[in-house]
Amino acid sequence: MIATRSRSYNYQSTLEASIRINWHVKDIIGGNSVLDFTKPFLAEALAGVSSIQCLSDREKLLLNQIRGNSYLNLFGLVEEFIVPLVVEHVQQIGYEDIHATQAFLHFAEEESKHIDLFRRFAEAFEQGFGTSCGCIGPSKAIGDAVLAHHPLGVALLVLHIEWMTQRHYLDSVQNNAAEDLDPQFCSLLKHHWLEESQHAKLDTLMVEYMAKHLTEQGIQAGIDAYFKIVDFLNGGLNMQTQLDIDSLSRASDRVFTGAEAQEIQLAQEASYRWVFLGSGMTHPNFLQTMGELSQAGLARAVQTARDFS
């Protein structure tokens, strides 16, 4: 049985907070809300392009924007398997706690809204960037592969992603006066973060609920599944890196030498590993939940995260 700490939030308070900060996709993108392709989209801490010596300033800007497109595509892909996980969880808890049911249904609705937001961004990006940019997929196949694992493992991955989202926005976007980022892209990240800040709480409660209904062996199976999914996603991120390099080659009309392509690949693979794997796995709140599940799982997360730093 998991030993949990007392919390300052519950299902009802989290639902109420989500309703207060609710927004509509039409107010975030489209109409006069357009992307500025003269500016970078992602903070350097999330794009990791400045150290690539073989690229010109223009090419670094292009790669930054390509990474912005890939960043949101990966979030959209993830949210496509979050929705069925949450819906299945609602079916399991039923009306045992009506506030929990309402909160998780609202959670699923917001994640569906985020998918719509990111698809609209992809359309706007394709129209404004000028060349096609490849992204891993199809999303359903990736989602099915993730959902085939133990539900606790999937829930841990979702918790990892939610805390990762918090870290990305708070550390690299909010109050970032040092970088002249596209305001429209920053607005999109802000509104995504606002709702995900509530989802992180619900994910924590979901993991706790699942663990309370599992044996120690079941919890260990879930933790093992989490690390298997992380390995699976790491392979996908490496594939995305290569697609980004191909997209940059088309956008810059430049054929990279073997050494140049290797420099870009090494820098970007390291960036992707930290941004999508290490930054979530080392978030203090994620580590605290993992430690409540298993001290061995906590030690494994700390060691694995070192490999992604």
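Okay, the loop between α6 and α7: that's where Asn-175 sits. This is a predicted model, by the way, so take what I say about angles and contacts in that spirit. Asn-175 has a positive phi of about 60°, and it isn't a glycine. Is Asn-175 buried or exposed? Exposed, with a relative accessible area of 73%.

Stay in that loop for a moment, because Asp-180 lies in the loop between α6 and α7 as well. Asp-180 is exposed too, with a relative accessible area of 51%; the cut-off for exposed is over 50%. Which residue does Asp-180 pair with? Lys-39, through a salt bridge whose closest N and O atoms are 2.7 Å apart. Lys-39 lies in the loop between α1, residues 11-20, and α2, residues 44-47, so this pair ties together parts of the chain that are 141 residues apart in sequence.

Now over to the loop between α8 and α9, where we find Asp-253. Here's another positive phi in a residue other than glycine, near 55°. Asp-253 is exposed, with a relative accessible area of 73%.

Arg-254 is in the loop between α8 and α9 too, but Arg-254 counts as buried, at 19% relative accessibility. The cut-off for buried is under 20%. What does Arg-254 do with its charge down there? One partner is Glu-59, in a salt bridge with the closest N and O atoms 2.7 Å apart. Glu-59 sits in helix α3, residues 57-93, and the two partners are 195 residues apart, so to speak a link between distant parts of the chain. Glu-59 is buried, just as Arg-254 is. Arg-254 also forms a salt bridge with Glu-260, with 2.8 Å between the closest N and O atoms. Put those together and Glu-59, Arg-254 and Glu-260 are joined into one network by salt bridges that share partners. As for the overall tally, how many salt bridges are there? The count comes to ten.

While we're on backbone oddities, look at Pro-138. The peptide bond from Gly-137 to Pro-138 is cis, with omega near 0°. Pro-138 lies in the loop between α4 and α5, and α5 covers residues 139-147.

Next, pockets. The largest pocket has a volume of about 330 Å³. Lining it are 21 residues, and nearest its centre you'll find Asn-69, Asn-73, Phe-118, Ala-122 and Cys-135. Which elements give two or more residues to that lining? Those are α3 and α4, and α4 gives the most, with eight residues. By character, the lining of the largest pocket splits into ten nonpolar, seven polar and four charged residues.

Let me pick out Asn-69 from that set. Asn-69 is in helix α3, and Asn-69 is buried, with a relative accessible area of 6%. Leaving aside residues up to four places away in sequence, Asn-69 touches Phe-121, Ala-122, Phe-125, Cys-133 and Cys-135. Two of those names should ring a bell: Ala-122 and Cys-135 are among the residues nearest the centre of the largest pocket.

The second largest pocket has a volume of about 250 Å³. This one is lined by 15 residues, with Leu-74, Leu-77, Ile-136, Leu-233 and Gly-236 nearest its centre. At least two residues each come from α3, α6, α8 and α9, and α8 gives the most, with five. What is the lining of the second largest pocket made of? It divides into 13 nonpolar, two polar and no charged residues.

One more helix: α10, residues 284-293. Seven of its ten residues are buried, so α10 is largely enclosed by the rest of the structure. The buried ones are Phe-286, Leu-287, Thr-289, Met-290, Gly-291, Glu-292 and Leu-293. What covers them? The cover includes α6, α7, α8, α9 and α11.

And a last stop at Gln-102, in helix α4, residues 98-129. Gln-102 is partly exposed, with a relative accessible area of 39%. Gln-102 and Gln-12 are 90 residues apart in sequence, but 8.4 Å apart in space, C-alpha to C-alpha.

Key: Residues numbered from 1 in each chain as written. Predicted model: local features only at pLDDT ≥ 70, side-chain atom pairs only at ≥ 80, totals over all residues. Heavy atoms only, no water. Buried < 20%, exposed > 50% of the residue type's maximum accessible area, 1.4 Å probe, protein only. Helix = DSSP H or I, 4+ residues; strand = E, 2+ residues; numbered from the N terminus. Contact = heavy atoms within 4.5 Å. Salt bridge = Lys/Arg side-chain N within 4 Å of Asp/Glu carboxyl O. 1 Å grid on protein atoms, 1.4 Å probe; cavity = no way out; pocket = protein on both sides within 12 Å on 5 of 7 lines; lining within 4 Å. Points joined across faces, edges and corners; volume = space filled by probe spheres on them. Nonpolar A, V, L, I, M, F, W, Y, C, P; charged D, E, K, R; others polar.
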